[in-house]
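Student: Before I accept any label put on a structure, I would like to see how it is justified. Could we take the labels one at a time?

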Amino acid sequence: MSAHALPDPLTLTPATDADGQGMAALIARIFADYENCPFVPDEFPELQAPATYYTRKGGMLWVVKDATTNSVAGSIAITPTHHAGEAELFKVYLAHHWRGSGVAQSLLATAFDWARHSKLHSIVLWTDTRFVAGHRFYEKQGFVRLPGIRALHDAASTFEFGYHLRLTETAAA
């Protein structure tokens with residue numbers, strides 16, 4: 001499968017604001033796997049109009065839709081940061097049954113292509129310390145964990161690890 005090809009019945013498209021409800025359902029399903037990790041809609045106001053939110057930040061949001069279930073099966077967003085040449089990833093989620101199928105790599109490749117087109121050379125992301133499978137995935141893709149953690153002071157008492165990747169022509173290839 002090529003970097004951007006997805007297995008049937010999935011499609012990867014730019015998100016619309018109408019995708020917010022589907023994204024919320026996906027995130028809630030994923031959070032349910034973790035102890036003390038509630039999905040609190042008020043902590044995700046960007047999901048009221050997610051495409052508009054990331055566009056206003058100068059970025060882009062994509063969703064993977066599953067035609068079989070008519071649902072959002074994955075998402076990824078990217079925006080420039082206040083550091084020159086740097087972008088940050090957000091909303092990197094994928095339904096459990098599509099993990100290991102190459103879909104996550106396609107999401108990353110899409111975001112990396114956007115970053116390269118935007119003349120950005122560095123990518124950062126933050127991920128919950130409980131999402132161990134995600135950490136393995138990011139590290140396999142070349143991301144390096146940053147020192148320290150940050151606290152979100154949210155309903156789940158979340159702590160996050162930061163990751164960094166120097167974007168090259170071969171990243172996510």
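Tutor: Let us begin with Glu-88, which is buried yet has no salt bridge. The model is a predicted one, in which local features need pLDDT of at least 70 and side-chain atom pairs count only at pLDDT 80 or more, while totals for chains, interfaces and linings use all residues. Residues are numbered from 1 along each chain as its sequence is written, and side-chain values use heavy atoms, with hydrogens and water left out.

Student: What makes Glu-88 count as having no salt bridge?

Tutor: A salt bridge requires a side-chain nitrogen of Lys or Arg within 4 Å of a carboxyl oxygen of Asp or Glu. The nearest side chain of opposite charge, Arg-150, is 4.5 Å away from Glu-88, so the pair does not meet the 4 Å limit.

Student: What does it mean that Glu-88 is called buried?

Tutor: Buried stands for under 20% relative accessible area, with exposed over 50% and partly exposed in between, using a 1.4 Å probe and protein chains only. Glu-88 falls in the buried class, and of the 173 residues of the protein, 46% do.

Student: Which residues is Glu-88 in contact with, leaving aside neighbours within four places in sequence?

Tutor: Contact means heavy atoms within 4.5 Å, and on that basis the partners are Ala-77, Ile-78, Thr-79, Thr-81, Val-124, Leu-125 and Trp-126.

Student: Why does the radius of gyration agree with a compact globule?

Tutor: The rule, 2.2 Å times the number of residues to the power 0.38, is set against a radius taken over C-alpha atoms. For 173 residues a compact globule would have a value near 16 Å, and the protein has 15 Å, which agrees.

Definitions and conventions
Lys, Arg positive; Asp, Glu negative; His and termini not counted.
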